[in-house]
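Reader: Could you walk me through reading the interface between two chains?
Author: Happily; let us look at it together.

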Number of protein chains: 2
Amino acid sequence: MMTSYTAPQRDMLFVLNHLAGLEAVSQLPGLEDATPDMAAAILDEAAKFAAGVLAPINASGDLQGCRWDNGVVTPADGFADAYASFCETGWNAMPAQPEFGGQGLPSLVSSAVQEMWKSANMAFALCPMLTLGAVNAIAEHASDELKAVYLPKMVSGEWTGTMNLTEPNAGSDLAAVRSRAVPAGDGSYRISGTKIFITWGEHDMAENIVHLVLARLPDAPEGVKGISLFIVPKYLVNADGSLGARNDLVCASIEHKLGIHASPTAVMVFGENDGAIGYLVGEPHKGLAYMFTMMNHARLNVGMEGVAISERAFQQALAYAKDRVQGKPMGDSSGQTRPILYHPDVRRMLMDMKSRIEAMRALAYQTAAHMDYAHHHPDEAVRREHQARVELLTPVVKGWCTETSINVTSTGIQVHGGMGFIEETGAAQHFRDARITTIYEGTTAIQANDLIGRKVAREGGSSLAVLLADIDATREQLLASGNAQLSAIGAALARGAGALAEARDWLLAHYASQPAQAAAGAVAFLKLTGVVAGGWMMARAAQVATQLLADGDSDTVFLNAKLATARYYADQVLPEAALYAAQITQGAASALALDEEGF
Amino acid sequence: MMTSYTAPQRDMLFVLNHLAGLEAVSQLPGLEDATPDMAAAILDEAAKFAAGVLAPINASGDLQGCRWDNGVVTPADGFADAYASFCETGWNAMPAQPEFGGQGLPSLVSSAVQEMWKSANMAFALCPMLTLGAVNAIAEHASDELKAVYLPKMVSGEWTGTMNLTEPNAGSDLAAVRSRAVPAGDGSYRISGTKIFITWGEHDMAENIVHLVLARLPDAPEGVKGISLFIVPKYLVNADGSLGARNDLVCASIEHKLGIHASPTAVMVFGENDGAIGYLVGEPHKGLAYMFTMMNHARLNVGMEGVAISERAFQQALAYAKDRVQGKPMGDSSGQTRPILYHPDVRRMLMDMKSRIEAMRALAYQTAAHMDYAHHHPDEAVRREHQARVELLTPVVKGWCTETSINVTSTGIQVHGGMGFIEETGAAQHFRDARITTIYEGTTAIQANDLIGRKVAREGGSSLAVLLADIDATREQLLASGNAQLSAIGAALARGAGALAEARDWLLAHYASQPAQAAAGAVAFLKLTGVVAGGWMMARAAQVATQLLADGDSDTVFLNAKLATARYYADQVLPEAALYAAQITQGAASALALDEEGF
């Protein structure tokens, strides 16, 4: 029983309005159009597009995959039409800056919209996601001339964008990039090299594809400080903006993957003949920093994929659990055969999925709201504060939401029993699709090393201290509330935050002296931060729900469910914090005890 | 880089000889041939067959799958030849009783051999595993006449066996079985009904397929007490043992599944015309009990699949991590680019896989040794003791080893980075194959309910108390050892066992009064029991390794690795026990707080 997708607008608006503070965000300079009413209207339209256009081709796209034939890649049936419609309706332009034809929506609102695309059709959504990343990198770092040529077409979606980092011998280690760029004497460069794992690297849904490529200039220093960033279009662009000759680049093959079958993952070969013509973005040797502009954005986006694919799996599992009548639930006094939703373990699984999704969504949207402040607040000090929170939470949202999505989509299969293993049911696709999210845009270990190194140890834990202080303020309110439910949630949050503080202390004390042990505990530290920050979001949700109920809000079923879900998270998920803290603070000597010979 | 399979004979023999006590097992009446030397020789031959015949067709079988054409199922290329060779070499007969042509090996030894088949080719191994289950059910419950007709051919492998339980409207709930059996007046019955998810339900690798089918007689009471078990052969058997007419049963289709593609999962339709001719096994209405004979065996076997597929994923990941040179590991003083095995998080992941596999393997083999005592010990009281341990541990081995295998095979993908998501690498297949193991032969929730209900609460926790006393004895030895490594492991084991005792106390106090809450904590209880029992095995392994080192055993790298792996388990895995105990003892009220409307 394959289910359709219905955007969880009520949940999304709850986070937008009550947790992440859309009202305040929409008062920031430049974001004034994004009132809560406008946001609700946008979500409404996006929900229709996601359900009506993107979701229906998700399973068929998975089954059919993409076709490669002599360098030409044909997406699955319906994808080109859906993409055309996506661009015509203006969805591609929505998150981009107004000066290039975008609508300049807050990241907060755009996060909710993008969650919908990813839930409805993760493989499809990767294409505009990559384009948007390329747009951001060009907008921030390229010359006005390059911006004028490329941005309008990319914002409209007539041209799509890609990110070309990985090479066969340089996976996560960009220091090993070997692609070369030689000045052609006319201001352009000749690019050569092979790039792998290029998402939507080739297709025929758009007129042109704008590849952003990392390569080395002849005089480049070794390592990551010698990498430059180039625009390398599939078709060259004439002075009048029309398309010229085909550039010297080709898609040599596409991969046969575990999931996201409808998203072509290309091997791109540049410059097999005379060299692909490319244009330097910004200054030489600064490509890595520029690429990080794209990547930080992409990391949050991949974290959002974790949220989105979990939500899709949850909807599928919930529908099945309501529909499938079987057996008499343990402890059920009716004596009747009932929907499996009423079996205790199925109900636990659904609650577990639901509460983790709500925590992840709130944390991801909240991070997007911090981005809006970091970009739009008039006061530089305030911008810096929010930017610090964004930097702290980006690896957490990326790593924790994606790791969690593997478990949530696996639980989605389990709810179905045997039917979950049958591909036609649809649950398995979400599990397969989710499995890439902990890998691309930096594996969980890379996120975790970024977190413990650049984001915590390097600054002596100051950003994390601010986060912990914010959490503590909420805890105090909860414990002072006189409400048993909120107090219990506050006590659980206190234990979680205590575990995080303990692990942080260990990390700060050992990062310099025992870097390998610190790194061996890094993934646990990332999960710990995610579980506790997510618990904070859930605690705030419980506060808000309690207040709204006290104010006489009529949506009592929804608000009581928010409270129940937060309580579940406090009782059943937050205790993970102590486990992760134990794993970190016991040091990882035993994790590193064996060398090659010992294995 | 797809890797071959090498049976971990040294690890297997360590468990056989030093943990599960093969020497003593081989002194039980009827098992005298299975000396440690003989067992080592058998493992050696099995390792060659697994690596040389079964492993090479694992990936190709996954890619090709099975073909259904008008009721005829053709397995993937090479499977029929491999099966013929498997039977000719006598492997199919090995675990069966000597009186029907088997070799009557101890379950302990046969466990190791079966781990090899499952690691090498899980889809293939399902076929003889199902046959063996059917052989056991027939041997224990059928008449001598039926035994004489069916067992010799099934033991040799000329005929294969299946288990037909599930129906489209009766998944895990066998009370809802609707297939019918009508007496034909000649002692046989006419069977009709549709069965789904029938593993190796149709194929052409064997001359005949012997279906064991659950169905209801006309006078059957409702529910599970009205189910009878029938032998329904694909081809009828003439009085002289030759094959007669095709029976009235057909494979209507096979499923398109997430994994185990080379194992045909059939929809079987019985009696569309005159009724399929079937023969009653044992007495009427006792089919469920007979089926449990098969199922308990199958459950241990599926638990072993969890061990085996994890081992295969580990070998794949380890080979990649040794081969793939990339980046400078954090905290590495060499300053060199090194194999990714030396990156702290990769090393942690490999250690995590290794230690969990060793704990699972030891627990599964130990359970098999208890089966040998339960079947062969001359003293009935001793047999009963061991049988109680088998019953306690069967759902744990099934549920915990399979749940763990999903995580371990997922980690196997993660070690590969982007290459893990590419199907040709091979890591993804293990992840897909593993995903069925928590579902078939009873989902994890069904195992967990069996554990907390029949195996713990119903008997007031007496079997579990014996297990905890055994664990406590080991703990005492460890703490009294005067060895820092062993003492640390002992302390961790004590904390784990304490958590299990605490959860057990909660369960016994609440099982009757709050059955739904108990059931909502059942899966956590199962994992808790697995983690602690596995920790006990690891602690014993550490004791043995320390003793052997003290005795001057020359295999110091191997034995020191055993110690290091046990220490990792104590530091990093056993702390999970406190998490599970917290989840259980906080009650599951919050897990059950939402009804249909609230979701």
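**Two chains and their interface**

Author: Superposing copies means a least-squares fit on the C-alpha atoms of residues with pLDDT of at least 70 in both. Here, a rotation of 180 degrees with 0.0 Å of shift along its axis brings chain A onto chain B, at RMSD 0.0 Å. That is the relation of a two-fold axis. Within chain A, Leu579(A) has the C-alpha nearest the axis, 3.3 Å from it.

Reader: What should I know about the model and its numbering?

Author: This is a predicted model, where local features need pLDDT of at least 70, side-chain atom pairs count only at pLDDT 80 or more, and totals for chains, interfaces and linings use all residues. Residues are numbered from 1 along each chain as its sequence is written, chains are lettered from A and ligands numbered from 1 in the order in which they are written, and side-chain values use heavy atoms, leaving out hydrogens and water.

Reader: How many residues of chain A are in contact with chain B?

Author: Contact means heavy atoms within 4.5 Å. By that rule, 87 residues of chain A touch 87 residues of chain B. The copies meet through the same surface, because 100% of the interface residues of chain A are also interface residues in chain B.

Reader: How many salt bridges does the rule find across the interface of chain A and chain B?

Author: A salt bridge needs a side-chain nitrogen of Lys or Arg within 4 Å of a carboxyl oxygen of Asp or Glu. Between chain A and chain B, the rule finds zero.
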